[in-house]
Amino acid sequence: MTEKELRKKAMALPMQPGVYIMKNKDKKIIYIGKAKKLKNRVSSYFGSHSNHSLKVIRMVENVDDFDYILVDTEFEALVLECSLIKQHMPKYNILLKDDKGYNYIKITKGDFPRISECKRIEDDGAEYVGPYISGFSVKQAVEETLKIFKLPRCNKQFPRDYGKSRPCLNGFMGLCSAPCAGRITKEEYNANTRDAVSFLKGGSKAAVREMTRRMNECSENLQFEEAAKLRDRIRAIKHLDERQKVVSINVPEEDVFALVNGKKKACFEVIRFENGRLTDDEFWIIDSVDDMPAARFELIERYYAMRSRIPSRIAVDGDVEDEELLRQFLEKQRGKKTEFIHPQKGEHLSIVKLCVQNASEHLAQSEGRLGREFTALEELAKLLGLPKPPEYIESYDISHTFGADNVAGMVVFHNGRPMKSAYKRFSVKGFDGQNDVGSMNEVLTRRFDHYYNDEEGSTFKILPDLILLDGGQPQVNAVLPVIEKMGLNVPVFGMVKDGKHRTRAIAFGGGEIEINSHRSAFTLVSDIQEEVHRFAISYHHKKHKKSTLSSSLLSIEGIGEAKAKALLKHFKTVSKIKESTVDELAECPSISKKNAESIYKFFHNM
């Protein structure tokens, strides 16, 4: 069907909840969606694409037909949509792919069972605990378990090697019960292994509770040696718990989600807590998203379609579209109550910030950047209300001496770093005198004339994501009409300084945005303001020096800029040049006898 035919079909749909199924020319399902009102939602695809993301435009280009299923409620539509997506895995639905490897804990059979981590289940009669997503967590859990219960890590095989050699270093250090030296019986070894497996399956609290009961029982029966062993294990487990409380929360279970959006890519991150401790961390690099609340809804829904455990509490770093609907859906899947939280303070906020920081770092690494730079850009975007972190920032400053030698400097920060190849200098030409506002208007007009008129390859052809002006609201007001007249959509803000010439706030809309409490963004804006000021000042000094030369040395017949520079380099000051004799002037490199006479006559009115 043509897009016109598809729109006509969509306009005939009822205003009821339902699920729509997009198909390509081969009748293959490429997208499945839900809607409160099918007619409004489906018809929005086939018409103007001005509000559509690139991903949606590409999807619509491939649609040849669509089907739909009516339901009674939006909740039923969500349940059906999720079920159909699982069944058909449409190309344009899969933001997250469940392609991460799984990890297991393996317990072999036999007289001396061994505990180890592995990547797959084999048909070998062994017992497997898992699956787990994090290979690091599995390895750490196995290492700690073997240490606490003093089980061997070596490659020796028992009972073949039982009692046939001296213990290794672990045996001497008391980290292994050393069955190789016959220090432990088969029965004791198996009891230790059973305790270790219980610890892995039930967690530390259950293990400590059971071992405490047995320790007390041994003490009552005067089995002090066995009681001491159990006491030492309990201490080791509690010591491990204390170490793991570095990152912890005071709830039994919680998942924390963060979505960090870049210009081309985004990172979706989840940190999982069980028994109050961080147990897993996963992230996905996906295409940049246009609607953050809608993306969070779809990503969280997709995540729990891939994972069996849904916690009692879910912390999120921002708004979630139809949050109540998603909560009801997850509660039905879980069979128990689930709540969404948006922390504003305390330990939960610090955990959300940790999740955002990790997502920023992963996204930065995928784009060859540093995490702190991306964090600063993300923070600045939120502070200024920008849809995405500004990848390309231009900043401008005016410099002059009491209205003389007016110049402007333009610096560029790309991905949070100075891009010196794109720096530009402007000599203000429209007027003389002190007028920073008029100068800023002229400079930005000329800059965007270059944008429209320069050939491809010029850095002027790059449209900035953000413009920062050195100055307050008057400078912003001078530039906004230029942006509007040029038909551009570039956000413009001013950088306000305090009495000590340090960054204090950002000017916009007649007010100010305080940035001191936003450390990453504050540091970035301060660096930009210092850099553009330095660049503008250096150009002004150069021009002012040349202007000074023009009023004296360059006015002398036969003296150009090169010879004027040679004179200043040789004599240091104009005063010394004036005081010098003809012979002394002729001693300066590149100055002829005739030049020396012209200079002497000029300064002595001869």
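A residue counts as buried when its relative accessible area is under 20%. Keep that cut-off in mind for strand β17 (residues 492–497): five of its six residues are buried, so β17 is largely enclosed by the rest of the structure. The model you are looking at is predicted. Here is a friendly tour, from the whole chain down to single residues.

**The protein as a whole**

- The protein holds 19 helices and 19 strands.
- It has 606 residues, and 47% of them count as buried.
- Among contacts with a separation of 6 or more, 60% are made by residues 24 or more positions apart.
- The accessible surface of the protein is about 31500 Å², and carbon and sulfur atoms contribute 50% of that.

**Around strand β17**

- On the parallel side, four bridges join β17 to strand β16 (residues 466–470).
- Within that pairing, Leu 468 stands opposite Phe 493 of β17.
- Helix α14 (residues 473–485) joins in here: together with β16 and β17 it makes a β-α-β unit, and the unit is right-handed.
- β17 also pairs with strand β18 (residues 503–508), this time in the antiparallel sense, again through four bridges.
- In the pairing with β18, Val 496 sits opposite Ala 505.

**The sheet of β1, β2 and β3**

- Three strands make up an open sheet with antiparallel pairing, and their order is β2-β1-β3.
- β2 and β3 are the edge strands, each pairing on one side only.
- On average, and with direction ignored, neighbouring strands of this sheet are turned by 20 degrees against each other.
- Six bridges hold β1 and β2 in their antiparallel pairing.
- Two of the partnerships to look up are Val 19 with Lys 34 of β2 and Lys 23 with Ile 29 of β2.
- The hairpin of β1 and β2 has five residues between the strands, and Lys 27 in this hairpin takes a positive phi near 65 degrees.
- Is the edge strand β2 enclosed or left open? Seven of its seven residues are buried, so β2 is largely enclosed by the rest of the structure.

**Helix α4 against the sheet**

- Helix α4 covers residues 74–88, which makes 15 residues, and spans 21 Å from its first C-alpha to its last, close to the 21 Å expected at 1.5 Å a residue.
- α4 lies across β1, β2 and β3, and runs at about 165 degrees to β2.
- Which residues of α4 are buried? They are Glu 74, Ala 77, Leu 78, Glu 81, Cys 82, Leu 84 and Ile 85.
- The cover over these buried residues includes the strands β1 (18–23), β2 (29–35) and β3 (65–70), along with the helices α9 (292–306) and α10 (323–334).
- Met 89 follows α4 and has a positive phi, near 50 degrees.

**A buried glutamate in a loop**

- Glu 391 is found in the loop between α12 (371–384) and β12 (392–401).
- Buried or exposed? The relative accessible area of Glu 391 is 17%, and the cut-off for buried is under 20%, so this residue is buried.
- Leaving aside residues up to four places away in sequence, Glu 391 touches Lys 263, Phe 413, His 414, Asn 415 and Asp 465.
- With His 414, the C-alpha to C-alpha distance is 5.6 Å, while the two residues are 23 residues apart in sequence.

**Backbone points to check**

- Most residues other than glycine have a negative phi, and most peptide bonds are trans.
- The peptide bond from Phe 158 to Pro 159 is cis, with omega near 15 degrees, and Pro 159 belongs to the loop between α5 (135–148) and α6 (169–172).
- Lys 150 lies in the loop between α5 and α6 and has a positive phi, near 55 degrees.
- The relative accessible area of Lys 150 is 38%; partly exposed residues fall between the buried limit of 20% and the exposed limit of 50%, so Lys 150 is partly exposed.
- Ser 590 is not a glycine, yet its phi is positive at about 75 degrees.
- You will find Ser 590 in the loop between α18 (582–586) and α19 (593–603), where it counts as partly exposed at 47% relative accessibility.

How values were computed
Residues are numbered from 1 along each chain as its sequence is written. This is a predicted model: local features need pLDDT of at least 70, side-chain atom pairs count only at pLDDT 80 or more; totals for chains, interfaces and linings use all residues. Side-chain values use heavy atoms; hydrogens and water are left out. The expected span of a helix is 1.5 Å times one less than its number of residues. Buried means under 20% relative accessible area, exposed over 50%, partly exposed in between (1.4 Å probe, protein chains only). Contact means heavy atoms within 4.5 Å. Two strands pair if DSSP finds at least two bridges between them. A crossover is right-handed if, with the strands pointing away from the viewer, the path from the first strand over the helix to the second runs clockwise. Axes are lines fitted to C-alpha atoms, for helices over the stretch in contact, and angles run from 0 to 180 degrees between N-to-C directions. Accessible areas come from the Shrake-Rupley method with a 1.4 Å probe; for residues, only the protein chains shown count as cover.
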